[in-house]
Amino acid sequence: MTQETPRDDSLLGLLKGVQDFSHKVFREPENRKLFSELAEGQTPHTLFITCADSRVVPEMITQTQPGELFVCRNIGNIVPGYGEMLGGVSAVVEYAVMVLGVQHVVVCGHTDCGAMKGLLNPDSTKDLPTVEAWLRNAQAAKSAVFARKLEGADAMQAVIEENIRLQLTHLRSHPAVAAALANDAINLLGWVYDIGDGKITVLDETDNTFIPLAEAIKREHKA
C-alpha cells in the first residue's frame with residue numbers, strides 16, 4: 001500500500017513546491033517545448049470564470065494544459081452586470097473576448113459554496129462588509145430560490161444553479177460579449193461542479209435545466 005506524503009502547510013513547503021516545479025516539472029522534455037511556446041504569447045480558447053474556492057481547480061477539472069484557459073476566479077463565480085461594478089472581472093471579460101478572442105466562456109459554480117451559503121444566510125456575512133457588498137451581485141438568485149419556498153439542501157442546490165443563470169445574464173450585458181454573440185463568435189456555458197463526486201452538470205438553455213455531462217456531450221456530437 002502506497003503511503004501518502006504528509007501535507008506540508010509551512011512557507012518552506014510552499015517554496016519547495018516551487019523549487020520542484022522549476023527544477024523538475026518545468027524541465028521535463030515535453031513541458032520545455034510547451035513553456036518555450038508560451039513564452040512567446042498566449043492563445044487560450046476558453047475564459048473560465050469560477051469560484052476562488054481552493055477545491056476547484058479548472059485545469060484539473062477540464063484536463064487542459066497551460067495556455068488553454070484564461071481563468072477568472074472570485075467569491076461566488078460572479079460577473080457583475082456591465083456598468084454596475086466595473087473592475088477586475090469586467091476587465092478580464094473585455095480582454096479575453098476582444099484581445100484574446102476566446103471561443104467559449106464557462107461560468108462554473110460548485111457544491112458546498114461558501115458564497116452561496118452566505119447569500120442564503122446573511123447573518124453569516126454581517127462582519128464581512130466587502131463580501132456582503134460583492135454578494136449583492138447575486139441577490140436575484142436568492143430571490144428566485146426564496147420565491148419557490150425551498151429550504152435546506154434543496155435551497156442550496158437551487159441557489160448555486162440560479163446564480164449561474166444570473167451570471168450568464170450579466171455576462172450578456174457586457175458590450176464585448178454582446179458583439180461576439182451577435183457574430184456567432186462565442187459560446188456561453190454554465191456548469192456546476194460537484195466536489196464530492198467529481199461530476200459536472202451543464203446548463204441546457206433550451207429548457208433552462210442542468211443536464212448530466214454525458215447528455216451534453218451527446219447533444220454536442222449531434223449539433
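**Around Met156 and its helix**

Author: Let's start with Met156, which touches Asp112, Cys113, Met116, Lys117 and Leu120, leaving aside residues up to four places away in sequence. Keep in mind that this model is predicted. Met156 sits in helix H8.

Reader: What makes Met156 count as buried?

Author: Its relative accessibility is 14%. The cut-off for buried is under 20%, so Met156 counts as buried.

Reader: How far apart are the C-alpha atoms of Met156 and Cys113?

Author: They are separated by 8.7 Å, although the two residues are 43 residues apart along the chain.

Reader: Asp112 was on that contact list too. Why is Asp112 called partly exposed?

Author: Asp112 has a relative accessible area of 36%. Buried needs under 20% and exposed needs over 50%, so Asp112 falls in between and is partly exposed. Asp112 lies in the loop between strand S3 (104-110) and helix H5 (114-120). Here's something else to look at: Asp112 isn't a glycine, yet its phi is positive, about 55 degrees. Most residues other than glycine have a negative phi.

Reader: Which other residue, not a glycine, has a positive phi, near 60 degrees?

Author: That's Asn208, in the loop between strand S5 (200-204) and strand S6 (209-212). Asn208 has a relative accessible area of 41%, and with the limits at 20% and 50%, Asn208 is therefore partly exposed.

Reader: Back to H8. Why are H7 and H8 called oblique to each other?

Author: Helix H7 (residues 139-147) and helix H8 (residues 152-172) pack at an angle of about 135 degrees, their axes 8 Å apart. Roughly perpendicular covers 65 to 115 degrees, and roughly antiparallel needs over 145. The angle of about 135 degrees fits neither range, so H7 and H8 are oblique. Their crossing is right-handed.

Reader: Which residues of H7 make the contact?

Author: Ala140, Ala141, Lys142, Ala144 and Val145 do, and from H8 the partners include Ala155, Val159 and Leu166. By class, the contact has eight nonpolar, one polar and two charged residues.

Reader: What does H8 give to the largest nonpolar core?

Author: Nine residues, and H8 gives the most. That core has 42 residues, and Leu47, Ile49 and Leu171 have the most contacts inside it. Another core lies apart from it, with 11 residues, among them Phe48 and Tyr193.

Reader: What does Leu171 touch?

Author: Not counting residues up to four places away in sequence, Leu171 touches Ile49, Val79, Val93, Val105, Val107, Val177 and Leu188. In soluble globular proteins, nonpolar side chains tend to be buried together.

Notes: Residues are numbered from 1 along each chain as its sequence is written. This is a predicted model: local features need pLDDT of at least 70, side-chain atom pairs count only at pLDDT 80 or more; totals for chains, interfaces and linings use all residues. Side-chain values use heavy atoms; hydrogens and water are left out. Axes are lines fitted to C-alpha atoms, for helices over the stretch in contact, and angles run from 0 to 180 degrees between N-to-C directions. Helices (H or I, at least four residues) and strands (E, at least two) are DSSP runs, numbered from the N terminus. Angles under 35 degrees count as roughly parallel, over 145 as roughly antiparallel, 65 to 115 as roughly perpendicular and the rest as oblique. A crossing is left-handed if the near helix is turned anticlockwise from the far one by less than a right angle, and right-handed if clockwise. Contact means heavy atoms within 4.5 Å. Ala, Val, Leu, Ile, Met, Phe, Trp, Tyr, Cys and Pro count as nonpolar, Asp, Glu, Lys and Arg as charged, and the others, Gly among them, as polar. A nonpolar core is a set of buried Ala, Val, Leu, Ile, Met, Phe, Trp, Tyr and Cys residues joined through side-chain atoms within 4.5 Å. Buried means under 20% relative accessible area, exposed over 50%, partly exposed in between (1.4 Å probe, protein chains only).
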